[in-house]
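Subject: Structure handover and notes

Dear colleague,

I am passing on the structure we spoke about, with some notes on what was found in it. Please keep the 3D view open as you read, so that you can look for each part in turn.

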Amino acid sequence: MMERHDVTGLTDDEVMAMLTPEMAEKGERDMERLRAVMGSLTDDTGQTAYSSMLKPCPFCGGRPWVQYFDYKTGLGMEARVVCGECHVSTSRDWESGRVTYLPTGEDVTKALVIEKAIKTWNRRVEP
Ligand SMILES: [Zn+2]
């Protein structure tokens, strides 16, 4: 028996039949981006990690890290970036609900919240 997705109530086959080649291509591009975010993480403790994508702190030049929290209830995750030296931080970026890449069933919630937090942090640095 085919497993139905919680949110859509559709089976994988039904979902795949609705995907146009353009949608599939965009999905692959998005996944490439998100896998790069995950690949940039080091010293991941399950709550904090460093990312090679993070620019230094705009205030003190310190090395920042990502702090994230997983709402195990399935509500989603949130993440922010904190400077390891002066502790300035971005506001929390909230991603409600779990997000799954449909063709593979990969849970991309963590990559999405961390990507958002990195983007917010990097915007603080003047070019
Ligand atoms: Zn700092």
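Let me begin at a single residue, alanine 79, which touches Val66, Gln67, Tyr68, Asp93, Val113, Ile114, Lys116 and Ala117, leaving aside residues up to four places away in sequence. Please bear in mind throughout that this is a predicted model.

Alanine 79 belongs to the largest nonpolar core, which has 14 residues, and it is listed there with Val66, Tyr68, Val113, Ile114 and Ala117 as having the most contacts inside that core. At least two residues of this core come from each of β3 (64–71), β4 (76–83) and α3 (109–123), and the largest share, seven residues, is supplied by α3. As a general background, nonpolar side chains in soluble globular proteins tend to be buried together.

From there we can step out to the sheet. Opposite tyrosine 68 stands alanine 79 in β4, and the strands β3 and β4 pair in the antiparallel sense over eight bridges. The open sheet that holds them is formed by five strands in the order β1-β2-β3-β4-β5, with antiparallel pairing. Because β1 (41–42) and β5 stand at the edges with a single partner strand each, one side of each is left without a neighbour in the sheet. Helix α3 packs on this sheet, where it touches β2 (48–51), β3, β4 and β5, and its direction makes about 30° with that of β4.

For the chain as a whole, the secondary structure comes to three helices and seven strands, which run α-α-β-β-β-β-β-β-β-α from the N terminus on. The C-alpha trace spans about 55 × 30 × 20 Å along its principal axes, and buried residues make up 20% of the 127 residues in the chain.

Two parts away from the core are also worth finding. Helix α2 (residues 21–39) has 19 residues and reaches 26 Å from its first C-alpha to its last, which is close to the 27 Å expected at 1.5 Å a residue; of those 19 residues the number buried is one, so α2 lies largely in the open. Serine 91, in turn, has its place in the loop between β4 and β5 (93–96). Is serine 91 buried or exposed? It is exposed, because 9 other C-beta atoms lie within 10 Å of its own, and a residue counts as exposed if that number is 12 or fewer. The C-alpha atom of serine 91 is separated by 8.7 Å from that of threonine 120, although the two are 29 residues apart along the chain.

With best wishes

Note on methods. Residues numbered from 1 in each chain as written. Predicted model: local features only at pLDDT ≥ 70, side-chain atom pairs only at ≥ 80, totals over all residues. Core = buried A, V, L, I, M, F, W, Y, C linked by C-beta atoms within 7 Å. Helix = DSSP H or I, 4+ residues; strand = E, 2+ residues; numbered from the N terminus. Contact = placed C-beta atoms within 7 Å. Expected span 1.5 Å × (residues − 1). Pairing = 2+ DSSP bridges. Axes fitted to C-alpha atoms, helices over the stretch in contact; angles between N-to-C directions.
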